Amino acid sequence: MTVDLRSDTVTKPTPGMLEAMWGAKVGDDVFGEDETVNALEEKAAKLFGMEAGLFCPSGTMTNQVAIKCFTQPLDELIADQASHVYRYEGGGIAFNSAVSTRLLNGDRGRITAEMIAPEINAENVHYPRTSLVVLENTVNKGGGSCYKLDDIKPIAALCKQKGLKLHLDGARIFNALANTGDGAADYGKYFDGISVCLSKGLGAPVGSVLLADKETIKYARRVRKVLGGGMRQAGFLAAAGIYALDHHVERLKIDHAHAQILADALNGQSWVSYVMPADTNIVLFDTVAPAIEVLQKLLSKGIRANSTDTHRIRFVTHLDVHPRQVEYIVEVLGQEF
Ligand SMILES: *Cc1c(COP(=O)(O)O)cnc(C)c1O
């Protein structure tokens, strides 16, 4: 048996999704004429209580476009040190937006209004102008940790009071909603921008949507074009996104249950020194032996995973991980490493 736990990006389109893609009505989206792309953008915006959406090839692009829209060169943004926008987007904050980054050390990637407030620069020619706060929900490097909407409200209030924009890297926002029970539509009230990935847990082959007000999206469309992200008959991809929103949101709790089973199985093992709580679909754990050795042994049993540090391994569950495979992994984890 083989199973791929490296990421929730490794999923393949299901037969139903492929059928939706084949049948998509398409047009040239750079001319605004792809009705399936337009439908996806509207659907996603409505879902989150936002005015408008912009379909982009990747979550990195939606985040980078948002940062460009919400800052001016020489500004500074505030984010947690674990955040994807800072760590895993190739230094794009500096390159694309000429913006510096003030890093906070949150709880598994989650920051609070109390932590943010003293880091907002006073108006002074020496200091970069603080103009944006970026939150991530769930936090990838926090092992899928979640903010509840109630945790976010004080941050949104502070941003409003200080004139800062607030962006959400919601690559796994649906995993967070499945965990917290918060409603998607309430999110639009608290954020200026939201990135939603369709190609992570939702299982679409490609794509993310940036959500914001109409004016921001109008400018974001320009920025996307400059970055080379203007796609033509992208409706085939957007159709997969629409299908994912209709069919793959409810099932995320299955991935969460699978992650919990794996975390429980790891907890008792002598070769494991620490298991982070598995709040959603990510399990981070530390190994006594170097991670590369453990990964090699897992691979010899058909289990693919990644390390995120010298002694840390990440398992990610997703729609191509089935109950029988979870049973098999549990059996393997009980062996010697
Ligand atoms: C995957 C991911 C993204 C976007 O990644 P792409 O591979 O560019 O689509 C953004 N933020 C987080 C937290 C992610 O996990």
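A polar contact is a pair of N or O atoms within 3.5 Å; within protein, one must be able to donate a hydrogen and the other to accept it. One such contact, of 3.1 Å, joins the side chains of glutamate 76 and serine 100. The model is predicted. This briefing covers that contact, the ligand and two helices.

**Glutamate 76**

- Glutamate 76 sits in strand β3, which runs over residues 75-80.
- Its relative accessible area is 6%. Buried means under 20%, so glutamate 76 counts as buried.
- Its side chain has serine 100 as a polar partner, at 3.1 Å.

**The ligand and its shell**

- The residues around the ligand include Ser58, Gly59, Thr60 and Asn63.
- Also in this shell are His84, Glu89, Glu136 and Asn140.
- Asp169, Ala171, Arg172 and Lys200 belong to the shell too.
- By class, the shell holds 1 nonpolar, 6 polar and 5 charged residues.
- Helix α3 gives the most to this shell, with 3 residues.
- A nitrogen atom of the ligand lies 2.6 Å from an N or O atom in the side chain of aspartate 169.
- For histidine 84, an N or O atom of the side chain is 3.4 Å from a nitrogen atom of the ligand.
- Lysine 200 places a polar side-chain atom 2.8 Å from an oxygen atom of the ligand.
- On its own the ligand has 380 Å² of accessible area, and the protein covers 84% of that.

**Helix α3**

- Helix α3 spans residues 59-70 and has 12 residues.
- At 1.5 Å a residue it should span 16 Å; the end C-alpha atoms are 17 Å apart, which agrees.
- Serine 58 caps the N-terminal end of α3. A side-chain oxygen of serine 58 lies 3.5 Å from the backbone nitrogen of threonine 60.
- The helix is mostly covered, with 11 of its 12 residues buried.
- Among the buried residues are Gly59, Met61, Asn63, Val65, Ile67 and Phe70.

**Helix α2**

- Helix α2 covers residues 35-47, which makes 13 residues.
- From first C-alpha to last it reaches 18 Å, close to the 18 Å expected at 1.5 Å a residue.
- Its buried residues are Thr36, Val37, Leu40, Glu41, Ala44 and Ala45.
- Seen down the axis of α2, these buried residues fall within an arc of 165°, so they line one face of the helix.
- An α-helix has 3.6 residues a turn, so residues three or four places apart point the same way.
- The exposed residues Glu35, Glu42 and Lys46 are on the face of α2 turned away from its buried side.

Conventions
Residues are numbered from 1 along each chain as its sequence is written. This is a predicted model: local features need pLDDT of at least 70, side-chain atom pairs count only at pLDDT 80 or more; totals for chains, interfaces and linings use all residues. Side-chain values use heavy atoms; hydrogens and water are left out. Helices (H or I, at least four residues) and strands (E, at least two) are DSSP runs, numbered from the N terminus. The expected span of a helix is 1.5 Å times one less than its number of residues. Buried means under 20% relative accessible area, exposed over 50%, partly exposed in between (1.4 Å probe, protein chains only). A residue is near a molecule or strand if one of its heavy atoms lies within 4 Å of it. Accessible areas come from the Shrake-Rupley method with a 1.4 Å probe; for residues, only the protein chains shown count as cover. Ala, Val, Leu, Ile, Met, Phe, Trp, Tyr, Cys and Pro count as nonpolar, Asp, Glu, Lys and Arg as charged, and the others, Gly among them, as polar. The arc is that of the directions from the helix axis to the C-beta atoms.
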